[in-house]
Protein chains: 2
Amino acid sequence: MASNKGKILTRRDFLNQVGKVGGAVAVFGAMDTLGLFGSSVSANSDFRAPKKSDLTSKKIGKKVVILGAGIAGLCAAYELGKAGYDCQILEARERTGGRNWTVRGGTTETEIGGVSQTAKFDKDQYFNAGPARIPQHHITIDYCRELGVPLEVFTNTNETAYFYQENVGALANTKVRKQVIKADIRGQTSELLAKAVNQTALDMPLSSDDKERLLVYLRREGDLNASFSYTGSSRRGYKELPGAGLAPGTLDSIYSLSEVLKSEMANHISSEYSFDQQVLMFQPVGGMDAIPRALEKQLPGKITFGAEVQEIRQTAEGVRIVYKGKGASKEITGDYCICTIPLPVLKNIPADFTSEMQNAIKSIGYATTGKIGLQFKSRFWEDERIYGGMTTTNMDISQIWYPSSGYGTKKGLLVGYYNFGGNAVSLGNMSLAQREAHALSQGAKIHERYKSEFETSFSLAWHKIKYNEGGWASYSASDRQNYYPILNKPQGRIYLAGEHLSYMTGWMSGAFESARIAVSDIHEKVVKESEKVTTKVG
Amino acid sequence: MASNKGKILTRRDFLNQVGKVGGAVAVFGAMDTLGLFGSSVSANSDFRAPKKSDLTSKKIGKKVVILGAGIAGLCAAYELGKAGYDCQILEARERTGGRNWTVRGGTTETEIGGVSQTAKFDKDQYFNAGPARIPQHHITIDYCRELGVPLEVFTNTNETAYFYQENVGALANTKVRKQVIKADIRGQTSELLAKAVNQTALDMPLSSDDKERLLVYLRREGDLNASFSYTGSSRRGYKELPGAGLAPGTLDSIYSLSEVLKSEMANHISSEYSFDQQVLMFQPVGGMDAIPRALEKQLPGKITFGAEVQEIRQTAEGVRIVYKGKGASKEITGDYCICTIPLPVLKNIPADFTSEMQNAIKSIGYATTGKIGLQFKSRFWEDERIYGGMTTTNMDISQIWYPSSGYGTKKGLLVGYYNFGGNAVSLGNMSLAQREAHALSQGAKIHERYKSEFETSFSLAWHKIKYNEGGWASYSASDRQNYYPILNKPQGRIYLAGEHLSYMTGWMSGAFESARIAVSDIHEKVVKESEKVTTKVG
């Protein structure tokens, strides 16, 4: 059916898909037979999740040890808990969430090889150091709905924000509203294509009716005049805005195609066409950590904090995990283990894995990435008519994020850089004071009041954060072929899960969906064993 | 300075601009001399408005009668109040706001020639019957900031919503995600232009370096492959989404350029490029009427409700307004009058206007436009991954708006049509029950659960709403030339104000800015008269 083109999977569809891949449909068939399906509890929300994804609250008599209370670990415990499993999460930190981490006043962190810093942000000022935006088609949204986590728009595209290209082309070192570049490049390229269409010499695989339709489209797309020329457009804004009374507004002159092309600004536009980064995205109200907090609330007594995993062992009947608790080493046993520890950390933990698995674990690179939160006395960017979104630059800060909440209030917090690769390494290598000074110097090229309004900062480099040591798994095509299938195979009763076990690396949805697969796989195995027992007894 | 390209005016800039047009700079100069500038009170917000726009709280001894408590009337009274004027607003209705009208449970209206309807929406369910979205560059945002009205994003563009073209082309009667059409038309046209660039025969005013740069841009813009062909893109979404485990996702086949062109869907895209309707817009939390309510709060005792204006008279020393209050006719006098009554209503009120003015008033057409709010038991559109935005159709309902708030909650309210011109007339001519049935039938073509989930509706046709009789002033180019300047000239001590006295018709900003001009003009006159008196006394 044509209407299914571009169809996005619902959680129910997802489960069916998981079923095809991981055998969950068979599992649920078996579970139905055993009467294991029950109703779920969505205590904080009116939303009723699809019944098929709700497991029972019966005791199933199996214990699962989960390593890590990030999104994958919390989700696994939450779903296993619904199904009647006994779960225990070991979490090295004193908080849940992992990379889902909202930095607020009082947040403390010491980077590997760094000094301790404590955020001095005002109450209500924060930034999301890890994941910061959710697309509509991700299962993360479903969990927010099920758990009653209120969402608000995260503005991924604000055309009133700027492009700023340092030392590149005709518009170098000039902040230009994104809408200006969009209008000019669309106008100029539509004009060019219209000319080409009208030059009958051109080999173009279109009927004359389609050519007419194309011209209609191009006139609209580019805001072309009657002779298909682009001479300017109110889409780019005005020199003087239309007003009341006798002020019709005046347009400004346009940039030539050559100027726009040389600036390279228009090359940034397509990033907002990405399926995962469309113009409309979402964030939990008050900080991304509302998600792990909501999951944590469903897991009273199930999380051991400050538990740093030291050994991951297999036994004849199950698993044995050695961890450093408060004081001496302790151990915990279980029937199964779900290990969500990021690979750069996991590779250094002694574990009963095959050498093939050990090799795969240590072969996967992780992204280097960093962020800085800058608190300002006033929202000077709102005086510039920027209410959320990002300014995009070719500088090493890469981008400046304006807050997507608290519009019109007094203070505000910008993400002063969010960068990757070499930029993240070099800024990560700076001292905290240097990072702050650098972020302010770069931002001051765009916003006059950047330095005078500044109050306090908090910065981080994910590759230097203990228990993470990277932003997200960064697979090459050959990694996907050579190592990824190995990572996906359980090691006896130990299952890996996390964003690194998905094709949505760097997204919470990867962690959620990966956890659901581990849960399904374990449950399938348990049900099969239970059937064997039943058969024996019968 | 190049960085001023596309510059957007702040409120301070606006005031300067008003100064140039309406003489306010001279006024404020005079006021400074008289010591009339003081500090403003922004009781509900930390925001301090620019001082130059803040008038004094001294009594100035002049009385202004304001006709209409819509945005223009409220703004005029608010600003005049700051300047120490005595104001009285006559409002025909029992509420403020005029076309800024949020329909909630209990809202009652009887259209001209229609029957009475009362909205039966649940608590927290509402729709904005009039203005419903604010762009970042409008002064409306400044007033929200000054008055402490909290804002949230109004999602004007959601690419996950649909295009639906009834009986047009290859994709007729098929709902297609907007992102699919965007990806395909951009891919196909970028491929065409890249081919044209590569055909050296084509006359193209570009250096070879610029051609290379253009090809780089086109590859990104269209997601073209290495040979500059468009063969598909994850931008349009997936047939099967990438998942965790061994699910890399699969793409769906694309639509041909001819299919897309024949569908005419891509012709809708450019509406979101408009400067006033960019992807990012705003709305007050809880309903647009938060704005008039915030203004009203600043004007205790200044508004007479249920006061229908019957005569607008000039006297030797001022103005005299006859109105039908509760019971018999009453009258009120003042030194000046600001009349914000919409022209289709004003034309029938006896007034001491020149025949030239009377003729201008009756010559301006107003837009026909209608909306229906549909409350549903569940947010089935969110199950389809649509969190806000609009579905755009060629049907007479024109569009369906999904709510930009309350994501993930149980119930929801859609705007089932927002249409114009002939469509608004024909739906407006239906009975309330017919409108509801029609909106449901049309919407059910797009959403399966439209009828089964429906609960209750409220509809309106602005051209049939008493005291408005139209959506907004609709000027032709010749109207702007022949009549608009006349409407802008005060009639003795009577000044017109409202969106119809602006180049931002249909927007609240037009009403705000028009009111500010009337206030400035009156104040200028008062200051001049005061100077004359001072001179005499001296």
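Which residues does B:Arg379 touch, not counting residues up to four places away in sequence? Keep that question in mind while you open the structure, which is a predicted model, and begin the tour by selecting B:Arg379.

**Stop 1: B:Arg379**

You will find B:Arg379 in chain B, in the loop that runs between β17 (369-376) and α11 (380-383). Colour its contacts and you should see A:Arg145 from chain A, together with B:Pro403, B:Ser405, B:Gly406, B:Tyr407, B:Gly408, B:Thr409, B:Lys410, B:Lys411 and B:Gly412 from chain B, once residues up to four places away in sequence are set aside. One of these partners deserves a closer look, since the backbone oxygen of B:Gly406 lies 3.1 Å from a polar atom of the B:Arg379 side chain. B:Arg379 counts as buried because its relative accessibility is 4%, and the cut-off for that word is under 20%.

**Stop 2: helix α4 of chain B**

Next, select residues 139-147 of chain B, which form helix α4, and ask how many of its nine residues are buried. Nine of the nine are, so this helix is largely enclosed by the rest of the structure. If you label the buried residues of α4(B), you will read B:Ile139, B:Thr140, B:Ile141, B:Asp142, B:Tyr143, B:Cys144, B:Arg145, B:Glu146 and B:Leu147. Just after α4(B) comes B:Gly148, whose phi is positive, at about 70 degrees.

**Stop 3: two helices packed together in chain B**

Now show helix α3 (residues 71-82) and helix α8 (residues 290-297), both of chain B, whose axes are 10 Å apart and which pack at an angle of about 30 degrees. Because of that angle, α3(B) is roughly parallel to α8(B), the cut-off for this description being under 35 degrees. Turn on the side chains and you can find the residues that make the contact: α3(B) supplies B:Ile71, B:Leu74, B:Cys75 and B:Tyr78, while α8(B) supplies B:Ile291, B:Pro292 and B:Leu295. Sorted by class, this contact of α3(B) with α8(B) has seven nonpolar residues, and no polar or charged ones. The crossing of α3(B) and α8(B) is left-handed.

**Stop 4: chain A as a whole**

Move to chain A and display it as a cartoon, where the secondary structure comes to 17 helices and 23 strands. Chain A has 538 residues, of which 63% count as buried. Among its contacts between residues at least 6 apart in sequence, 69% join residues at least 24 apart.

**Stop 5: three buried residues of chain A**

Start with A:Lys82, which you will find in helix α3 (residues 71-82) of chain A. Is A:Lys82 buried or exposed? It counts as buried, because its relative accessibility is 10%. Its side chain is joined to the side chain of A:Glu146 by a polar contact of 2.6 Å.

Then select A:Leu413, which belongs to strand β20 (residues 412-420) of chain A and, at 6% relative accessibility, also counts as buried. Leaving out residues up to four places away in sequence, A:Leu413 touches A:Phe121, A:Gln125, A:Tyr126, A:Phe127, A:Gly373, A:Leu374, A:Gln375, A:Trp381 and A:Pro403. You can also draw a line from the C-alpha atom of A:Leu413 to that of A:Phe458, which is 45 residues away along the chain, and the separation should read 11 Å.

The third selection is A:Ala497, placed in the loop between β23 (494-496) and α17 (508-537) of chain A, where its relative accessibility of 0% makes it count as buried. Beyond its neighbours within four places in sequence, A:Ala497 is in contact with A:Ala72, A:Ile338, A:Cys339, A:Thr340, A:Ser514, A:Ala515 and A:Ala518. From A:Ala497 to A:Ala511, which is 14 residues apart from it in sequence, the C-alpha to C-alpha distance is 6.9 Å.

**Stop 6: two loop residues with positive phi**

Finish with A:Asn167, in the loop between β8 (162-164) and β9 (176-177) of chain A, whose phi is near 55 degrees, a positive value in a residue other than glycine. A:Asn167 counts as exposed, with a relative accessibility of 61%. A:Glu264 sits in the loop between α7 (257-263) and β10 (280-284) of chain A, and its phi is also positive, near 65 degrees. With a relative accessible area of 38%, A:Glu264 is partly exposed.

Definitions and conventions:
Residues are numbered from 1 along each chain as its sequence is written. Chains are lettered from A and ligands numbered from 1 in the order in which they are written. This is a predicted model: local features need pLDDT of at least 70, side-chain atom pairs count only at pLDDT 80 or more; totals for chains, interfaces and linings use all residues. Side-chain values use heavy atoms; hydrogens and water are left out. Axes are lines fitted to C-alpha atoms, for helices over the stretch in contact, and angles run from 0 to 180 degrees between N-to-C directions. Helices (H or I, at least four residues) and strands (E, at least two) are DSSP runs, numbered from the N terminus. Angles under 35 degrees count as roughly parallel, over 145 as roughly antiparallel, 65 to 115 as roughly perpendicular and the rest as oblique. A crossing is left-handed if the near helix is turned anticlockwise from the far one by less than a right angle, and right-handed if clockwise. Contact means heavy atoms within 4.5 Å. Ala, Val, Leu, Ile, Met, Phe, Trp, Tyr, Cys and Pro count as nonpolar, Asp, Glu, Lys and Arg as charged, and the others, Gly among them, as polar. Buried means under 20% relative accessible area, exposed over 50%, partly exposed in between (1.4 Å probe, protein chains only). A polar contact is a pair of N or O atoms within 3.5 Å; within protein, one must be able to donate a hydrogen and the other to accept it, and residues adjacent in sequence count only if both atoms are side-chain atoms.
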